[in-house]
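User: I would like to learn how to read a structure like this one. Could you take me through it feature by feature?

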Amino acid sequence: RGPPAPPPTAAPPCGLRSVSVGVGALGLGYPSPETVVFRYCGGGCPAPPTLHRLALGAVLGPGGAGGGPC
């Protein structure tokens with residue numbers, strides 16, 4: 001059988017996170033050397049979807065952004 005499976009990891013605590021993103025990665029239709037800093041709540045922060053959360057999801061991938069209040 002082998003060793004027991006490790007317990008599931010809990011979501012990190014809710015907290016303010018930030019990520020720098022090139023403007024070109026946002027899919028706005030034009031290249032740009034500029035970067036923007038997205039600040040968002042990450043971890044165990046339940047919340048309904050918002051436009052900001054959807055944009056972060058496009059940049060960070062599934063499960064990358066909480067989008068709720070910290």
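**Reading the fold, residue by residue**

Analyst: Begin with one residue and its place: Leu-60 is found in helix 1. Keep in mind that this is a predicted model.

User: Is Leu-60 buried, exposed or partly exposed, and why?

Analyst: Compare its relative accessibility with the cut-offs: buried is under 20% and exposed is over 50%. Leu-60 has 30%, so this residue counts as partly exposed.

User: How far apart are Leu-60 and Val-21, in sequence and in space?

Analyst: Read both separations together. Along the sequence, 39 residues separate Leu-60 and Val-21. Their C-alpha atoms are 9.6 Å apart.

User: Let me step back. How many helices and strands are there in the protein chain?

Analyst: The protein chain has one helix and two strands. Their order along the sequence is β-β-α. Strand 1 covers residues 15-22, strand 2 covers 35-42, and helix 1 covers 51-60.

User: Where is confidence lowest and where is it highest?

Analyst: Start with the general rule. Where pLDDT is low, the predicted coordinates should not be read in detail. Here, confidence is lowest in helix 1, with a mean of 80, and highest in strand 1, at 90. Over the protein chain the mean pLDDT is 77, with 74% of residues reaching 70 or more.

User: Now the loop between the strands. Which residues does Leu-26 touch?

Analyst: Place the residue, then list its partners. Leu-26 sits in the loop between strand 1 and strand 2. Residues up to four places away in sequence aside, Leu-26 touches Val-21, Val-36, Phe-38 and Val-59. The C-alpha atoms of Leu-26 and Val-59 are 6.8 Å apart, across 33 residues of chain. Leu-26 has 27% relative accessibility, so this residue counts as partly exposed.

User: What does the side chain of Ser-32 do in that loop?

Analyst: Look for polar atoms, then for contacts. Ser-32 is also in the loop between strand 1 and strand 2. A polar atom of the Ser-32 side chain lies 3.1 Å from the backbone nitrogen of Glu-34. Beyond its neighbours within four places in sequence, Ser-32 is in contact with Val-23 and Gly-24.

User: Next, the segment before strand 1. Which residues does Pro-12 touch there?

Analyst: Again, set aside residues up to four places away in sequence. Pro-12 then touches Arg-17, Gly-43 and Gly-44. Pro-12 and Gly-44 are 32 residues apart in sequence, yet 6.2 Å apart between C-alpha atoms. At 44% relative accessibility, Pro-12 is therefore partly exposed.

User: What separates the C-alpha atoms of Cys-14 and Cys-45?

Analyst: Cys-14 lies in the segment before strand 1 as well. Its C-alpha atom is 5.3 Å from that of Cys-45, with the two residues 31 apart along the chain. Cys-14 is at 32% relative accessibility, so this residue counts as partly exposed.

User: How do I sum up burial and surface for the protein chain?

Analyst: Use a fraction for burial and an area for surface. Of the 70 residues, 19% count as buried. The exposed area is about 5,100 Å², and carbon and sulfur atoms supply 63% of that area.

User: What share of contacts joins residues at least 24 apart?

Analyst: Count contacts between residues at least 6 apart in sequence. Of these, 44% join residues at least 24 apart. One residue with such a contact is Leu-26, which touches Val-59 at a separation of 33 residues.

Notes
Residues numbered from 1 in each chain as written. Heavy atoms only, no water. Helix = DSSP H or I, 4+ residues; strand = E, 2+ residues; numbered from the N terminus. Buried < 20%, exposed > 50% of the residue type's maximum accessible area, 1.4 Å probe, protein only. Contact = heavy atoms within 4.5 Å. Polar contact = N/O pair within 3.5 Å; in protein donor to acceptor, adjacent residues only side chain to side chain. pLDDT = per-residue confidence, 0-100. Areas by Shrake-Rupley, 256 points an atom, 1.4 Å probe, with all protein chains shown as cover.
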